[in-house]
Amino acid sequence: TLLVHMLRQALGPACTPIVHIVFPQMSAPELLSYLADELTGAGAAAHNASVHLSVQRMARFLEENTRRGKRALVIVDEAHTCARPAGAHRRRARAAG
């Protein structure tokens, strides 16, 4: 969290919002829904939305954010613990062998 705090200060007001995900161990749909909620400020209003709706919400938000001259940043603590899509480990094993 100290590093995230320092990063926030260094980047300044042009970098907003900054979303800090501290528990990424959720399914992809849950993570996308959470991220869309955090970026848009919707809170739990749209919690557990479909993947399609979450991606649309993020795309609209990021487009508008860019128009305002802002840049969003997503920081994922412990990213290596993120859920992998089903079958990802099999594809990795085939590619290595």
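Which residue follows H3, and what is the sign of its phi? The residue is Gly-69, with a positive phi near 80°. This is a predicted model. The briefing covers helix H3, its buried side and the strands beside it.

**Helix H3: length and end**
- H3 runs over residues 51–67, 17 residues in total.
- At 1.5 Å a residue, H3 should span 24 Å, and its end C-alpha atoms are indeed 24 Å apart, so expectation and model agree.
- After H3 comes Gly-69, the residue with the positive phi.

**Two sides of H3**
- Ser-54, Arg-57, Met-58, Phe-61 and Asn-65 of H3 are buried.
- These residues lie on the same side of H3, because they cover an arc of only 95° around its axis.
- An α-helix has 3.6 residues a turn, so residues three or four places apart point the same way.
- His-52, Arg-60, Thr-66 and Arg-67 are exposed on the other side of H3.

**What the buried side packs against**
- The buried residues of H3 pack against two strands, S1 (15–21) and S2 (71–76), and against helix H2 (28–40).
- Ser-54 sits in H3.
- Ser-54 counts as buried because its relative accessibility is 0%.
- Leaving aside residues up to four places away in sequence, Ser-54 touches Leu-32, Ser-33, Ala-36 and Ala-49.

**Strands S1 and S2**
- S1 is mostly covered, with 6 of its 7 residues buried.
- S1 pairs with S2 in the parallel sense, over 5 bridges.
- Val-19 has Val-74 in S2 as its bridge partner.

Technical notes:
Residues are numbered from 1 along each chain as its sequence is written. This is a predicted model: local features need pLDDT of at least 70, side-chain atom pairs count only at pLDDT 80 or more; totals for chains, interfaces and linings use all residues. Side-chain values use heavy atoms; hydrogens and water are left out. Helices (H or I, at least four residues) and strands (E, at least two) are DSSP runs, numbered from the N terminus. The expected span of a helix is 1.5 Å times one less than its number of residues. Buried means under 20% relative accessible area, exposed over 50%, partly exposed in between (1.4 Å probe, protein chains only). The arc is that of the directions from the helix axis to the C-beta atoms. Contact means heavy atoms within 4.5 Å. Two strands pair if DSSP finds at least two bridges between them.
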